[in-house]
Amino acid sequence: MPQTSAADRTHRLVPSPAGRVHLVEQGEGPLVLLLHGFPESWYAWRHQLPALAGAGYRAVAVDVRGYGRSSRPAAVADYRMLALVEDAVAVVEALGEDPAVVVGHDWGASIAATCALVRPDVFRAVGMLSVPYTPPGGPRPSDVFAAMGGEEEFYVSRFQEPGRAEAEMEPDVRGWLAGFYAALSAPVGRPGQPGPYFVARGGRMRDRFPEGRLPQWLSEADLDVFAGEFERTGMTGALNRYRNMDRDWEDLAGFAGAPVTQPSLFLAGRLDASLAWLADAVEAFPVTLPGLTARHLLDGCGHFVQQERPAETSRLLVEWLAGLPA
């Protein structure tokens with residue numbers, strides 16, 4: 001397999017409905033579009049870019065709308081799921097690589113799945129990391145999240161009011177990110193203590209973050225990259241994705257219960273809390289993902305799977321891609 005390095009990466013800006021998408025590409029061959037989650041950037045795929053390029057693919061990692069050097073529109077509604085799908089389509093068209101494979105992590109997994117669902121003409125296969133596909137439909141999301149906390153508040157509900165979560169995060173972006181990354185990575189959370197997903201009334205998410213340690217996968221220099229972008233842009237663009245879940249529910253009503261039929265992959269860490277919350281979604285894969293050709297759960301791994309287990313994630317992605325129809 002040819003060796004590639006960070007020096008082989010190319011940064012570009014391409015037009016999108018919101019203005020521009022910043023992307024980083026490496027390699028030549030079939031296009032693999034990589035979509036990050038919260039609270040990250042294209043840099044979350046730094047390990048996979050050279051691995052995919054070395055395996056003969058054109059790997060392209062983007063800053064999702066609201067992040068990094070991509071456009072950050074002011075209106076909350078501009079971060080609805082269908083707008084993010086339009087951005088992904090715009091990238092594929094700008095690169096002249098239709099159709100493409102799309103792979104996402106966390107929110108990126110949900111965006112990737114929706115890309116495959118609503119634009120099967122553009123996306124021939126889909127990989128989902130950490131967050132399983134859940135078809136549109138069911139109860140209104142805000143009602144579900146409001147009922148989850150009991151005496152405490154579920155973090156997704158906490159993110160809904162503009163400015164509220166920002167007030168916790170932005171005075172110390174670097175410290176908040178470090179704690180959040182550590183809380184969701186193996187070993188998950190603080191031993192014997194509640195996780196940060198539920199917040200005591202009047203408390204903060206960071207009250208339940210581990211203290212004084214970075215996760216093993218994250219160096220101080222890596223943290224500088226992530227934090228530097230959010231210190232420049234603020235957190236609102238990233239948080240606005242959470243503020244559109246009811247809009248998405250309405251926008252995608254016509255796809256209620258619909259499966260994603262293209263070849264698909266699911267990869268997650270066994271210690272990821274998302275697997276517990278969305279266990280029913282995983283069990284439903286034979287119906288909701290009839291094209292599922294690879295499913296992997298990594299022992300001793302938390303939420304940030306492609307960064308916690310970069311070599312294994314890259315190997316599994318390359319194996320899955322190699323098995324796709326030409």
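In this short talk I will go through the overall build of this protein and then turn to one residue, valine 76.

Let me say at the outset that what we have here is a predicted model. In terms of secondary structure, the protein comes to 15 helices and 10 strands. Its C-alpha atoms fill a box of roughly 55 × 45 × 40 Å when the box is taken along the principal axes. For 326 residues, a compact globule would be expected to have a radius of gyration near 20 Å, and since the protein has 18 Å, the two agree.

Turning to the interior and the surface, 56% of the 326 residues count as buried, while the protein exposes about 12900 Å², of which carbon and sulfur atoms supply 53%. If we take the contacts between residues at least 6 apart in sequence, 77% of them join residues at least 24 apart. As for charge, there are 29 positive and 40 negative charges, and their mean positions lie 2 Å apart.

Now to valine 76, which sits in the loop between strand E4 (58–62) and helix H2 (81–95). Is this residue buried, exposed or partly exposed? Valine 76 is partly exposed, because its relative accessible area is 24%, and the partly exposed class lies between the 20% and 50% limits.

Which residues does valine 76 touch, leaving aside those up to four places away in sequence? They are Asn240, Arg243, Asn244 and Arg247. In that connection, valine 76 and tyrosine 242 are 166 residues apart in sequence, yet their C-alpha atoms are 9.7 Å apart in space.

Methods:
Residues are numbered from 1 along each chain as its sequence is written. This is a predicted model: local features need pLDDT of at least 70, side-chain atom pairs count only at pLDDT 80 or more; totals for chains, interfaces and linings use all residues. Side-chain values use heavy atoms; hydrogens and water are left out. Helices (H or I, at least four residues) and strands (E, at least two) are DSSP runs, numbered from the N terminus. The radius of gyration is taken over C-alpha atoms; the globule rule is 2.2 Å times the number of residues to the power 0.38. Buried means under 20% relative accessible area, exposed over 50%, partly exposed in between (1.4 Å probe, protein chains only). Contact means heavy atoms within 4.5 Å. Accessible areas come from the Shrake-Rupley method with a 1.4 Å probe; for residues, only the protein chains shown count as cover. Lys and Arg count as positive and Asp and Glu as negative; His and the chain ends are not counted. The place of a charge is taken as NZ of Lys, CZ of Arg, CG of Asp or CD of Glu.
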